[in-house]
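Reader: I'd like to learn how to read a two-chain model, feature by feature. Could you walk me through it?

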Amino acid sequence: MELNWNTYQATGKTEADLAADFVDAIGGKQDFEFFGNQSAVYFISSNSGTFSSIAFWENALEHSPRFANPGIFPWTLANATSGYIARKFSITGPNYTIVDNTVDEAQLVSSFKTDALKYALKNAICVHWELKVENHQLSVHARWCILLA
Amino acid sequence: MPTTNKIAVTGLGVVCSLGNNIQDFWNALLNDSSGIKNWEDLEHADFKYIHASRVENMACDPLQRGFEFSVSAIEQAIQQANCSSIEKWGLFLGTTMGESAAFEAMAEKKQTLIPEAYTGFGICKRLMKKYPAMHNFQCFATACAAGNYALKAGMDALQKGEISIAIVGGVDPFSKIAMTGFSRSRAMSPSGICKPFDANRDGMILGEGAGFLVLEKVENATKRKANILAVLDDCALSCDAYHPTAPKPDASGIINCFQHILESNNLKHSEIDWISAHGTGTKLSDQSEAQAITKVFHKQQPYVSSIKPKIGHTLGAATAIEAIVSVLSIQQQTIPHTLNYTNAEFDIRIPKKPILTKVDKVLNCGYAFGGLNSITLFSSWN
């Protein structure tokens, strides 16, 4: 199975901003739809959540842990972005956040085929998501594709 | 499923506040002690809540605490399994925060570190270096359900013949970030007493630890005369796609997981002996879980209990440690109780004391922020 990756790059203030912008950008494409329990998310990143973790603890140090900004906390979790993608596209099938800096395409396809059989999946969205700080700005270099059963 | 594709559990290892070996851990689980206490360092750092369950008797490099917990648990598991390094191993790890202390140090500007070296990816890289028999790894940052995700991945890799031994587990060292975050999310227990499913429950307590299991095909274990402790039959996953932190009010995602695992394995409700519950002690999460159990099992309810009043919520390690408890309950034919449970709110069977009974099939449940739901099924072997 050949994966037809799309590329995506953006900058933003926070991981939350980057996730929202990404979903808006790909949601504008009308050439795919998802099917609730019969769709899945495979999200691969080596550093999702890390920049929010640092930002949250900086905030706690500045204001005391008692008064840290609770809005940052969910984004300290690496699976916050994959959860956001699931919510925006109503994908209620399996939702993976795999921590790696490369995508093992054979492994990814093999996992999807196993899950497609097990959960009667019709498709899945795969996202490879790497964050960077460039010129004091947070940016994401992402690739994404749709896997069809 | 043919016997040739069945997955055996042949080794267990644990690190948590109750013990750094399986025997001490299991003994402590069955008495009325708890690893939860007050911590002065949290009080001095102006944390609102200062109760936690932490590992005290292991000296660790703070930035490699997760790695060192993992090594300790893996050593126990591979010793029990007596697995040879000639075999092709795979590593499957679940974690929520990774080496959280490293991110705290970066925020404190104490050290310049590369973030990804301290996620689960970094822990896996170090474990791969320590254990040359490990040919590959998969790491899942699926929050508090991560251990079950690792179990599923290990099971899949064995069934596809990619490896012959799967080292599977979860780890999370104590995280000030998580302590602050759960407190600010109003999930922490003000009383400092974790009371899952109790009418007067008031929240969770944070823990830390690691749990690892050795998995292999039954035929592999039989061939090398390994002791099969239990069988991992299946894992079901779903996502609520509802809210970043709150469970879906109708519990439909959890219900889907229960139904999927029962139907896929042709199980009657009455065949499940025990549900090792997620049981965090928070109002919403316990309500959602209890609602799902009541809806799925109706009048044929298995026992339901949570070990979190004993060791706190160990995040990514939770479902791995609870998988170990599931296997031990089958081995010992004993269901652990739910400490601090006194006042019923839900129509579910929660033991207040350990129960000696037939334990043939156990469901191990883990749910997580991001709306993740996961359930694994363990059975006795022969």
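**Reading the model together**

Author: Gladly, and let's begin with a small backbone detail: Ser90(A), just after helix 3 of chain A, takes a positive phi of about 50°. Keep in mind that this is a predicted model.

Reader: How many residues of helix 3 of chain A are buried?

Author: A residue counts as buried when its relative accessible area is under 20%. In helix 3 of chain A, 9 of the 10 residues are buried, so the helix is largely enclosed by the rest of the structure. The buried residues are Ala80(A), Thr81(A), Ser82(A), Gly83(A), Tyr84(A), Ile85(A), Ala86(A), Arg87(A) and Phe89(A).

Reader: And what do the buried residues of helix 3 of chain A pack against?

Author: Within chain A, their partners are helix 1 (15-27), strand 2 (39-45), strand 3 and strand 4 (123-134), and chain B adds strand 9 (230-239).

Reader: That brings in the other chain. How many residues of chain A and chain B are in contact?

Author: 46 residues of chain A contact 54 residues of chain B. About 4,100 Å² is buried between the two chains, with carbon and sulfur atoms giving 61% of that area. On the chain A side, Trp57(A), Arg66(A) and Phe73(A) lose the most area to chain B, together 17% of what that side buries.

Reader: What about charge pairs and polar contacts?

Author: The interface of chain A and chain B holds 4 salt bridges by the rule used. One of them joins Lys118(A) to Asp234(B), with the closest N and O atoms 2.4 Å apart. There are also 20 residue pairs in polar contact between the chains, both residues being at pLDDT 80 or more.

Reader: Which elements give two or more residues to the side of chain A that touches chain B?

Author: Those are helix 2 (50-63), helix 3 (80-89), strand 3 (95-99) and helix 4 (105-119) of chain A. Helix 2 of chain A has the largest share, with 9 residues. By type, that side of chain A divides into 21 nonpolar, 19 polar and 6 charged residues.

Reader: Now to the interior. Which residues have the most contacts inside the largest nonpolar core?

Author: The general idea is that nonpolar side chains in soluble globular proteins tend to be buried together. Here the largest nonpolar core has 161 residues, and Phe25(B), Phe182(B), Leu215(B), Phe258(B) and Ile275(B) have the most contacts inside it. Leaving aside neighbours within four places in sequence, Phe25(B) contacts residues including Val14(B), Leu18(B), Ile307(B), Ile321(B) and Leu328(B). Apart from the largest core lies another, of 34 residues, among them Met58(B), Cys60(B), Ala77(B) and Ala133(B).

Reader: How should I read polar residues, say Ser288(B): buried or exposed?

Author: Ser288(B) counts as buried because its relative accessibility is 6%. Ser288(B) sits in helix 10 (residues 283-297) of chain B. Beyond its neighbours within four places in sequence, Ser288(B) is in contact with Pro247(B), Lys248(B), Ala251(B) and Ile254(B). Asn220(B), in helix 8 (residues 218-223) of chain B, is buried too, at 15% relative accessibility.

Reader: And where does Lys48(B) lie?

Author: Lys48(B) lies in the loop between helix 2 (40-44) and strand 3 (51-53) of chain B. With a relative accessible area of 47%, Lys48(B) is partly exposed. Not counting residues up to four places away in sequence, Lys48(B) touches Arg66(A) and Ser183(B). That brings us back to Arg66(A), one of the residues that lose the most area to chain B.

Notes:
Residues numbered from 1 in each chain as written. Chains lettered and ligands numbered in written order. Predicted model: local features only at pLDDT ≥ 70, side-chain atom pairs only at ≥ 80, totals over all residues. Heavy atoms only, no water. Contact = heavy atoms within 4.5 Å. Buried area = accessible area lost by both parts, 1.4 Å probe. Salt bridge = Lys/Arg side-chain N within 4 Å of Asp/Glu carboxyl O. Polar contact = N/O pair within 3.5 Å; in protein donor to acceptor, adjacent residues only side chain to side chain. Helix = DSSP H or I, 4+ residues; strand = E, 2+ residues; numbered from the N terminus. Nonpolar A, V, L, I, M, F, W, Y, C, P; charged D, E, K, R; others polar. Core = buried A, V, L, I, M, F, W, Y, C linked by side-chain atoms within 4.5 Å. Buried < 20%, exposed > 50% of the residue type's maximum accessible area, 1.4 Å probe, protein only.
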